[in-house]
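Please keep the viewer open beside this text and make each selection as it comes up. The stops follow one another from a helix face to a packing partner, then to a loop in another chain.

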Amino acid sequence: MSDTSLSRVFAALADPTRRDMVARLAVGDATVGQLAAPYAVSMQAVSKHIKVLEEAGLVSRSRDAQRRPCHLEAEVFDLMTKWIERYQQRAQERYRRLDAVLAEMNDGAAHTSNDNDTSGLDPTITGAAS
Amino acid sequence: MNTPAKHDVTISADAELPIIHMTRDFDATPAQLHKAHTDPELFARWVGPEGMDTRIEHWDARTGGSWRYVAGREGEEYGFYGAFHEIRPDRIVQTFTFAGEPDGVALETLTFEDLGNGVTRLHAQSLVDSMEGRDQWLASGMETGVEEGYAKLDALLGDIDG
């Protein structure tokens, strides 16, 4: 069931409010009320978000304490973050290489034309596509 | 000087659909970005992965055309192929398959948004055929091994399913 679990973690983190809550919990445990404070939404809505995070395994809540503070399961979160970061890092490396290629194209354009007012589409490109 | 924040790549995974979204700004016109994606010599120079050479074996960058390239370094070769579904000045739609896993195919939609002042925003969307496929795709960046990673996550999440 690892695939399903993983999808659940991704789905849980796809929502900006929940990502925000996770970021807050990374600093320290917090109650539902504390988590709800910055948002203009009902406590029910916040509870629902926390339930999604709980079901994904990202957040746990102690059963004994009366205030039942939310606790971030840092290990699960770190693993997910690491995966996304690796993916992001490779994309970033690729796009830095693309930056270099584009910079060269810019240099080439500057050498062949001093007038950049007509910097519209390169006709050879649109021509190639037709 | 560090790369400005606007040139960082942002990645998000859709909650409902097996899609990965990526956004990245470039100091270039949409036409230049388009050319860097459709000119085989330019494309081979940046597509990567890092430390590998790209050999274009077939390249027909037209609507309905197709492509195939091999990325390699000594002793290692990885083939990729796909079809150019649609090529427009502001948009490229193509399929992407890793030859080692021919059952998997991603549908990629690239759009070039002109932000003015010589900056163009690339929106890249990859649609794969299942949530599991998407997550494996995302996890594939982990050098220590995807299986290991899944096993570890499985162990961490073991209590939740009960």
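**A helix and its two faces**

Begin by selecting A:Gln44 and A:Ser47, the exposed residues carried by the face of α4(A) that is turned away from its buried side. A residue is called exposed if 12 or fewer other C-beta atoms lie within 10 Å of its own, buried if 20 or more do, and partly exposed in between, with C-beta atoms placed from the backbone. The model is predicted, so local features need pLDDT of at least 70 and side-chain atom pairs count only at pLDDT 80 or more, whereas totals for chains, interfaces and linings use all residues. Residues are numbered from 1 along each chain as its sequence is written, while chains are lettered from A and ligands numbered from 1 in the order in which they are written.

Now select A:His49, A:Ile50 and A:Leu53, which are buried in α4(A). Seen down the helix axis, the buried residues of α4(A) fall within an arc of 95°, taken over the directions from the axis to the C-beta atoms, and so line one face.

Widen the selection to residues 43-55 of chain A, the 13 residues of helix α4, which at 1.5 Å a residue (times one less than the number of residues) should span 18 Å, in agreement with end C-alpha atoms 18 Å apart. Helices here are DSSP runs of H or I with at least four residues, strands are runs of E with at least two, and both are numbered from the N terminus. Just after α4(A), A:Gly57 takes a positive phi of about 85°.

**The packing partner**

Add helix α2 (residues 16-27) of chain A, which packs with α4(A) at an angle of about 75°, with the axes 10 Å apart. The two helices are therefore roughly perpendicular, a term that covers angles of 65 to 115 degrees. To see where they meet, show A:Thr17, A:Arg18, A:Met21 and A:Val22 in α2(A) together with A:His49, A:Val52 and A:Leu53 in α4(A).

**A loop in chain B**

Move next to B:Ala28, found in the loop between β2 (19-26) and α1 (30-38) of chain B. B:Ala28 is buried, with 23 other C-beta atoms within 10 Å. Leaving out residues up to four places away in sequence, B:Ala28 touches A:Leu102, A:Asn106, B:Leu33, B:Gly118 and B:Thr120, where contact requires C-beta atoms, placed from the backbone, within 7 Å.

**Stepping back**

Finally, colour chain A by secondary structure, which comes to 6 helices and 2 strands, following the pattern α-α-α-α-β-β-α-α along the sequence.

Notes: Axes are lines fitted to C-alpha atoms, for helices over the stretch in contact, and angles run from 0 to 180 degrees between N-to-C directions. Angles under 35 degrees count as roughly parallel, over 145 as roughly antiparallel, 65 to 115 as roughly perpendicular and the rest as oblique. Two residues are in contact if their C-beta atoms, placed from the backbone, lie within 7 Å.
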